[in-house]
Amino acid sequence: MKLLSVNMGRPTPCRHTTAEGGTGIDKRPVDGPVAVAAPGPKGVGGSGLAGDAVVDLRHHGGDDQAVYAYAREDLDAWQRELGRELANGVFGENLTTWGVEVTGARIGECWRVGPRLLLEVTSPRIPCRTFHAWLGERGWIRRFTQAAVPGAYLRVIEPGEIRAGDAVEVVHRPAHEVTIGLMFQALTTRRELLPRLLEADAALPEEARQKARKYAERAAV
């Protein structure tokens, strides 16, 4: 398991976002080491990667979305379906991985990337209008949602520097079975799965925890 590329972005104009300054979705592979650390709470902190742009701080970035990872294997599958080349970083991911089970990663699972960086899996990426506009594919939000291969957001547990070629090691895997794929379905197409998210306990982001609790409370009435 390894890191194929570390991808960074600069603000790019986009008429499909309400954030001033456009979007930071246009991420490209960079050379050399990149420092990664917890950026701070959502609404204040942006990306965990030093120098990487997150423009819409209301909806993106912060400690629970400090790093976004997507598997090269899944990008290759999309390449075949869309009939076009998809470069590393094109989905706005910070880390393009190889050999890592991203969709099957469990909430709270910890990855050691390189010698020092320790990341914890928190949640799936939910597609938005900006993503749709950036890819330029008809019905993209629906297609991405149906595929249910969303990539994973991670929080920074221990900071460190990373670069392309670094090893990725799963150093902790929780006993529960709340995966990125299950959580994505619970938040999109299968709301009846929401109560199961609570099995992830403290690793579950607060926003998702509130949704799961509200659904469970309504279902119990």
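1. Contact is taken here to mean heavy atoms within 4.5 Å, and the structure under discussion is a predicted model. By that criterion Trp78, Glu81 and Leu82 of helix H1 meet Trp140, Arg143, Phe144 and Ala147 of helix H3. Sorted by class, this contact of H1 with H3 has 5 nonpolar and 2 charged residues, with no polar ones.

2. As for the geometry of the pair, H1 (residues 72–82) and H3 (residues 140–147) pack at an angle of about 130°, and their axes are 13 Å apart. That angle makes H1 oblique to H3, and the crossing of the two helices is right-handed.

3. The sheet is open and mixed in its pairing, with 8 strands in the order S2-S1-S5-S4-S8-S7-S6-S10. Strand S2 (27–29) and strand S10 (168–172) are at the edges and have a single partner strand each, so one side of each is left without a neighbour in the sheet. From one strand to the next, the twist averages 35°.

4. At the S2 edge, strand S1 (residues 2–9) runs antiparallel to S2 and is joined to S2 by 3 bridges; Met8 has Arg28 in S2 as its bridge partner.

5. Helices also lie on the sheet: H1 crosses S1, strand S4 (67–71) and strand S5 (95–98), running at about 60° to S4. Helix H4 (residues 180–187) packs on the sheet as well, where H4 touches strand S7 (117–124) and strand S8 (152–158), and the direction of H4 makes about 35° with that of S7.

6. On annotation, an unreviewed UniProt entry lists residues 28–171 as "domain: MOSC". In the model, this span is 18% helix and 28% strand, and its end C-alpha atoms lie 28 Å apart.

Technical notes
Residues are numbered from 1 along each chain as its sequence is written. This is a predicted model: local features need pLDDT of at least 70, side-chain atom pairs count only at pLDDT 80 or more; totals for chains, interfaces and linings use all residues. Side-chain values use heavy atoms; hydrogens and water are left out. UniProt positions are given in the numbering used here, feature names are shortened, and annotations may be inferred rather than shown by experiment. Helices (H or I, at least four residues) and strands (E, at least two) are DSSP runs, numbered from the N terminus. Axes are lines fitted to C-alpha atoms, for helices over the stretch in contact, and angles run from 0 to 180 degrees between N-to-C directions. Angles under 35 degrees count as roughly parallel, over 145 as roughly antiparallel, 65 to 115 as roughly perpendicular and the rest as oblique. A crossing is left-handed if the near helix is turned anticlockwise from the far one by less than a right angle, and right-handed if clockwise. Ala, Val, Leu, Ile, Met, Phe, Trp, Tyr, Cys and Pro count as nonpolar, Asp, Glu, Lys and Arg as charged, and the others, Gly among them, as polar. Two strands pair if DSSP finds at least two bridges between them.
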